[in-house]
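Hello,

Here is the structure I promised to pass on to you. Please have a look, and find my notes underneath.

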2 protein chains.
Amino acid sequence: MKVTDRKTEIILTAAKLFRKKGYNAVSMRDLASELGIKAASLYNHIKSKQEILSEIVLQVAERFTTHIDEIYPQEVSSIKKLEAIIQNHIEITIQQTDFLACLNNDWMHLAEENLQDYLKMRNDYEEKFRKILLDGMVKNELENRNPEIVIFSILTTLRTLYLWYSKKSSIEVEVLKKDLPKTLLNGLIQN
Amino acid sequence: MKVTDRKTEIILTAAKLFRKKGYNAVSMRDLASELGIKAASLYNHIKSKQEILSEIVLQVAERFTTHIDEIYPQEVSSIKKLEAIIQNHIEITIQQTDFLACLNNDWMHLAEENLQDYLKMRNDYEEKFRKILLDGMVKNELENRNPEIVIFSILTTLRTLYLWYSKKSSIEVEVLKKDLPKTLLNGLIQN
DNA sequence: AAACAAAACTAACGATTGTTAGTTTAAATT
DNA sequence: AATTTAAACTAACAATCGTTAGTTTTGTTT
């Protein structure tokens, strides 16, 4: 019984390289070389370069989907839900930094069916997020403001968290978990 | 005297394609075909594919640099400065959507010297932004919160504004100009 | 009409791409 | 020890890449 099988190892290494140089800039020979083998040997473990990308992107996308499906129907305030979503983004960012970067940068290089699966998950996620936010505004838990702008601002920050996290890892994760929800939800200007 | 010379036309078309598919996924033949000519003909106007990328990225980067260099030393509140910076991002987003997308997605494909120029401009920009923010916190114009998290959150939203803008152009630009600063600076939760 | 410049063309180059076929080595199972 | 399986290898393929050289077409200026 292997702790990590070769396919997983290939995908993890691919994610690291894709993140650094982008999907199209990483050749199968680059990837093989990083693993200390020849390019042809990769095909004993994976079907194609495209399969590697789809495993990376869809795995993370499913994790987001699963979480929001769990949070969405709960009987708590919209603020609590938003906080839970933010925490989840932070955790995925920490645990799957490279995968998340691939999802952000290279999803458009997914082939037809994989691309459609991804886009569906992404739309469903945004739709649930939107409903939570609108619900909070209706119940006066959140300020009434253009919801699309708020959605965009929060989701964009969460999606690109990995850019910042890998640069400033000196700051404690706990500080991030405490201060990011404040920044995103409570605002900035003194009052 | 030409209204738009051929080189400019090539660069504009390239930016459009780079944005959609990424720098590495767009071949010189793709670009030529989009312009109705053959790939070799492009080289009557440009030196290399790399030159196209650097013209796109560095042109936008210089525009940001110029603006913050103008705002930075002014004798106004830090809030006013931040508002001006946000307005500038919105304007560049509207006027140079494709260029901005290229800067965000493909800057890492710049070759050595171009890459260094870009990174220097980017660092200088962030440094000035940071100083404006810290100054505002010292003067109690802004809430005291982890500045790196705030910087990240605001800059990330501004940088990726183009993603949202091109999707939701139905919303008036004026709404964006009014609501985005509020969202980024005033926060969300009712009080 | 002749001369010139600009901008397109055809053809081809060497390098690199993802991938396949067939073979050999190493490890696990009988 | 013999057999089977897993995972590496070499070699090569057709396609595509950015780019160059040399030529022809087009449009403008003398």
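**Notes on helices, DNA and a few buried residues**

H7(B) is followed by Asn140(B), which has a positive phi, near 60 degrees. Helices here are DSSP runs of H or I with at least four residues, strands are runs of E with at least two, and both are numbered from the N terminus.

Before the rest, a word on the source: this is a predicted model, in which local features need pLDDT of at least 70 and side-chain atom pairs count only at pLDDT 80 or more, while totals for chains, interfaces and linings use all residues. Residues are numbered from 1 along each chain as its sequence is written, chains are lettered from A and ligands numbered from 1 in the order in which they are written, and side-chain values use heavy atoms, with hydrogens and water left out.

**Two helices of chain B**

H7(B) itself covers residues 112-138; its 27 residues reach 39 Å from first C-alpha to last, close to the 39 Å expected at 1.5 Å a residue. The expected span is 1.5 Å times one less than the number of residues. Its buried residues include Tyr118(B), Tyr125(B), Glu126(B), Phe129(B) and Arg130(B). By buried I mean under 20% relative accessible area, with exposed over 50% and partly exposed in between (1.4 Å probe, protein chains only). Among the elements covering the buried residues of H7(B) are H4, H5 (78-95), H6 and H8 (147-159) of chain B, where contact means heavy atoms within 4.5 Å.

H1(B), residues 6-21, has 16 residues and spans 22 Å between its first and last C-alpha, close to the expected 22 Å. Ile10(B), Ile11(B), Leu17(B) and Phe18(B) are among its buried residues. Their cover includes H2, H3 (39-42), H4 (49-71) and H6 (97-106) of chain B. After H1(B) comes Gly22(B), with a positive phi near 95 degrees.

**DNA strand D**

Both protein chains meet this strand: of the 17 residues around it, Lys38(A), Asn44(A), His45(A), Met28(B) and Tyr43(B) come nearest. Sugar and phosphate make up 58% of the strand D atoms that come within 4 Å of the protein; a residue counts as near when one of its heavy atoms lies within 4 Å.

Some polar contacts (pairs of N or O atoms within 3.5 Å; within protein, one must be able to donate a hydrogen and the other to accept it, and residues adjacent in sequence count only if both atoms are side-chain atoms):

- Arg6(A): a side-chain N or O atom is 2.8 Å from a phosphate oxygen.
- Ser41(A): a polar side-chain atom lies 2.9 Å from a phosphate oxygen.
- Arg29(B): a polar side-chain atom is 2.8 Å from a base nitrogen.

The elements giving two or more residues to this surface are H3 (39-42) of chain A and H2 (28-35) of chain B.

**Buried residues in chain A**

Leu161(A), in helix H9 (residues 161-165) of chain A, is buried at 0% relative accessibility. Leaving out residues up to four places away in sequence, Leu161(A) touches His89(A), Ile90(A), Thr93(A), Leu180(A) and, from the other chain, Phe152(B). Leu161(A) and His89(A) are 72 residues apart in sequence, yet 8.1 Å apart in space, C-alpha to C-alpha.

His67(A) sits in helix H4 (residues 49-71) of chain A and is buried too, at 17%. With the same neighbours in sequence left out, His67(A) touches Ala84(A), Ile85(A) and Asn88(A).

Best wishes
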